Every structure is written in C-alpha cells, then in structure tokens.
Amino acid sequence: QQHMENLCCAVGIGIDIKDSRRKEEWSMETVHNTIQQRVKELSAIHGYREKLKYLCTLVQEVPTDFAELNVELHNDISRSSIGSLCDCNKEGNIVYHCLKSASPLHNMLDKCYLLTQNDLFIQFWREKMAECGTISIPIVAQQVWPKAYLHAQQLMEALHGRTLKLADVDRYLSKYKTPDELGQVLVNLNNQLSTCTGNSNDGKWIANVVETIVQYWSLKEHEMAAKKFLRVKEILKLTGDFMQVEALASEVSSCMKDQSLQMVNEKNLVGVGQFLMSFITGQHKEKLSCIESFINCQDVVQWLRVVTKDVVDLQNFVNVSLTTLVGEGDLANDKLSTLSIVGTGYRSLIYELKLDANFETLSKSCTTIWKALEENPKLSKLLISNVHAFIWH
C-alpha cells in the first residue's frame, strides 16, 4: 500500500488511498493513464534538450551569446521531478518550465530541427547567420530562422515556376553532382516544408525541373564548340542569325546569369547545345577537329576560292595540273590528290555557303563534311598538310 502511495505521488495523482472518502478516485486505469502522460512529458523534455543542443552546434561556427543556455543544458536533471521541468496544458501541449533562456526558440525549434537535416537548407542558414554578426538567441529566433525559412520557400517556389536565376542555380545547387543527388535533396526539402506548413505538395514537378537544370549545366560544356562555330561565321563573314550560338558562347557571362531557368527552353538553347555536343564527346571529337582545321588553314581555303569557283572547277584544276606536271613524280601527284580530297570534303564551306547563312544553314552545310570524314577519317589532317604544301601549290 505504501509503495502504491509513493507511485501515485510520483506520477502526480496525489491521492491518499488510506482516505476512504477519496478511495473511489483511485483506480489502476488512473495510474496507468497518468504514467503514460508522465512518459510523454519525460520524452518531450529529453527531446527538447537534444534539439537545443543540436541548435547550438549549428551556430558554433560564428560568435555567439549562448552562455546562459549552455549552462542550463549542462545541468543535471536526473533528480528533478518531471513536473518541475514540464507539464501538459489543457490543450494537450507540453509547457516547459526549465531552460527559460530558450523560450524565444520554442515555437521554431521543431521546424528548425527538421529543416536543418537538409543540406540545402543549411546553406541558407549559414548565409543568414553570416549577415548577423554575433548570434544571440533572439537573433536566431527573429532573424536567422525566419529569413532562412523564407529563403527555402522562395527557392522552391522559384524552381516550381522556373523563375530561379541561373546565377542562383549555380550558387546553391552546383554542389550536387548527379541528377539523382539533386533530385533527392529537392524532394526532401519539399517534403520537409510541406510538413512545416501543413500543406500537401506531391513534388511531381521536381523531376522536370531537375532535367531543366541538368540541361542548363550541359550548356557550359557546349561553349567551346559554340565559339568555334562563331569563328567560322567571322571568317566567312556570314550575316545570318547566330543568336542561339552566341548565347551559348557567352553562357558564363553576367548577362546570361541574370536569366532564369525559363530561358533554357524558351530560346531552344538545349537543342542547339545538343547539336554542338556531338562535336566534343567521344569519337565525334574529330568533327570539332575538322572545324578547327578549317579555321586554322584559311590561307589554303582562300587560295582555293581564288583559283577555283566550285568542285568541278577544282577537279579541272587538278586534272590540268596533273597533265602539266607529268614526270614530276609521285609526290606531286599525292599533293594534288590531297588538294582534291580536301576541296571536295570541305566544299560546303569553301564554295556553297552564302553570306546570309545562319547557324541552321551552317550546321546543315557541315553534314557533307561529316560524310567526307566518314569516308576519310584523316580529312582534317589532310587540310593541315596542304598548309605545308601551300607554297608548292
């Protein structure tokens, strides 16, 4: 009986079972329910303290004024009664009586703990801390947390609407090396924000946004090829529309960074980029070499344009030269044969491209070069060899 009285007192029932007048108030169900409530409160106070300790680790990189809280968190509470630490109000919410210095953090603590498990949110958190100088509990509650929370919401909204600036795409998301890694961190942040706001968001849109971001990043790899094509435009004095290629070539410039994700698809840069990508990957690098050789061998190209007007004229020139140079040996024949192969292979750029050609026309003209390259993989090297033979020609 004494043990039962002690148990009732410990869990807060406060009933003297020897008092027959109140004996009807006591029951095993009452004790059981009250013990469950005390366990809930005990779990809450331990969770509360652990989350506050975790929050302290989030601000340890900057000057802080958390001295009072740190002292309170290191106090031994093992001999404190649960009632002195916390209890449950009429609405069923836990009310904390300890750690008074942390009271400004109470309303944000659960959401903050959830969101700071996300690496992307941590970037926002650190950014907002850096803006505040010395960090105190009120500053965390009134500035760092609400600003980081708002930033996360705005970033997800901007991604959803594809209005996020490309500069911010690079700033916050470039550290995620694979589409799966990027997609997972965005899905997690979306789910965590949904939990915080209580609004359901299935996040199905995230996969499409990740695809657009990956396409944008791939454009950077196309920049070199784009610049080569612009060099061809400059050499041939082409006057057509090369705006898409120019956008790719200047992709890393500040003007491009001011654009949003919408630009990636609106200007069809991805389509242009995919075309250019074929020149800089794997076995297709020989295509880019052909363009580079054409750029670097303009002495031969311009000479061919002067002495011949088309492939037929070139072949006549070679035939006449072969007849004239009878007896000059195999070397002369080889040089003329190479000249014929080069002129025929590059005919679309040397003879056929008109001055008003645009990028689309130029890209189509290159298809004849690619066919010639398939027939003779050394086409670009043959053009370079003609530079050495230029004086002889």
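A residue is called exposed when its relative accessible area is over 50%, buried when it is under 20%, and partly exposed in between. With those words in hand, let's tour this predicted model.

**Figure 1. The protein chain as a whole, built from 22 helices and four strands.** Start here before zooming in. The protein chain has 393 residues, and 44% of them are buried. How are contacts spread along the sequence? Among contacts between residues at least 6 apart in sequence, 70% join residues at least 24 apart.

**Figure 2. K237, an exposed loop residue with a positive phi.** Look for K237 in the loop between α11 (223-236) and α12 (243-249). Its phi is near 55°, a positive value in a residue other than glycine. Is K237 buried or exposed? K237 counts as exposed because its relative accessibility is 61%, and the cut-off for that word is over 50%.

**Figure 3. R162 and S260, two loop residues in contact.** R162 sits in the loop between α7 and α8 (166-173). Like K237 in the view before, R162 is not a glycine, yet R162 has a positive phi of about 55°. With a relative accessibility of 23%, R162 counts as partly exposed. S260 belongs to another loop, the one between α13 (254-257) and α14 (262-266). Which residues does S260 touch, leaving aside its neighbours within four places in sequence? They are R162, T163, L164, K165 and L166. The chain also brings S260 and V169 together here: they are 91 residues apart along the chain, but 8.9 Å separates their C-alpha atoms. S260 has a relative accessible area of 12%, so S260 is buried.

**Figure 4. W125 in the largest nonpolar core.** In soluble globular proteins, nonpolar side chains tend to be buried together. The largest nonpolar core of this model has 67 residues, and those touching the most other members are L120, W125, L159, L173 and L186. Which helix gives this core its largest share? That is α7, with 13 residues. Zoom in on W125 and, not counting residues up to four places away in sequence, you will find W125 touching L55, L58, V59, C112, T116, V140, V144, W145 and A148. Another core, of 40 residues, lies apart from the largest one, and its members include I235, A249, L379 and L383.

**Figure 5. I369, a buried residue of helix α21.** Helix α21 spans residues 359-375, and I369 is found within it. I369 has a relative accessible area of 0%, which means that I369 is buried. What surrounds I369? Not counting residues up to four places away in sequence, I369 touches C290, G345, Y346, S348, L349 and L379. I291 is another residue to find in this view: 78 residues separate I369 and I291 along the chain, while their C-alpha atoms are separated by 9.3 Å.

**Figure 6. Cysteines without a disulfide.** A disulfide is a covalent bond between the sulfur atoms of two cysteines. How many disulfides does the model contain? The count comes to zero disulfides. C290, one of the contacts of I369, makes a helpful example. The cysteine sulfur nearest to C290 is that of C366, 9.3 Å away, whereas a disulfide would need the two sulfur atoms within 2.5 Å. C290 counts as buried because its relative accessibility is 0%. C297, at 3% relative accessibility, counts as buried too.

**Figure 7. The largest pocket, with α7 and α9 in its lining.** Rolling a probe the size of a water molecule over the atoms shows where empty space is left. About how much space lies in the largest pocket? The answer is about 230 Å³. The residues lining the largest pocket are Q153, M156, E157, H160, N190, L193, S194, T197, N199, S200, N201 and W205. Helices α7 (137-161) and α9 (179-197) each supply at least two residues of this lining. Sorted by class, the lining has eight polar, three nonpolar and one charged residues.

Technical notes: Residues numbered from 1 in each chain as written. Predicted model: local features only at pLDDT ≥ 70, side-chain atom pairs only at ≥ 80, totals over all residues. Heavy atoms only, no water. 1 Å grid on protein atoms, 1.4 Å probe; cavity = no way out; pocket = protein on both sides within 12 Å on 5 of 7 lines; lining within 4 Å. Points joined across faces, edges and corners; volume = space filled by probe spheres on them. Nonpolar A, V, L, I, M, F, W, Y, C, P; charged D, E, K, R; others polar. Core = buried A, V, L, I, M, F, W, Y, C linked by side-chain atoms within 4.5 Å. Buried < 20%, exposed > 50% of the residue type's maximum accessible area, 1.4 Å probe, protein only. Contact = heavy atoms within 4.5 Å.
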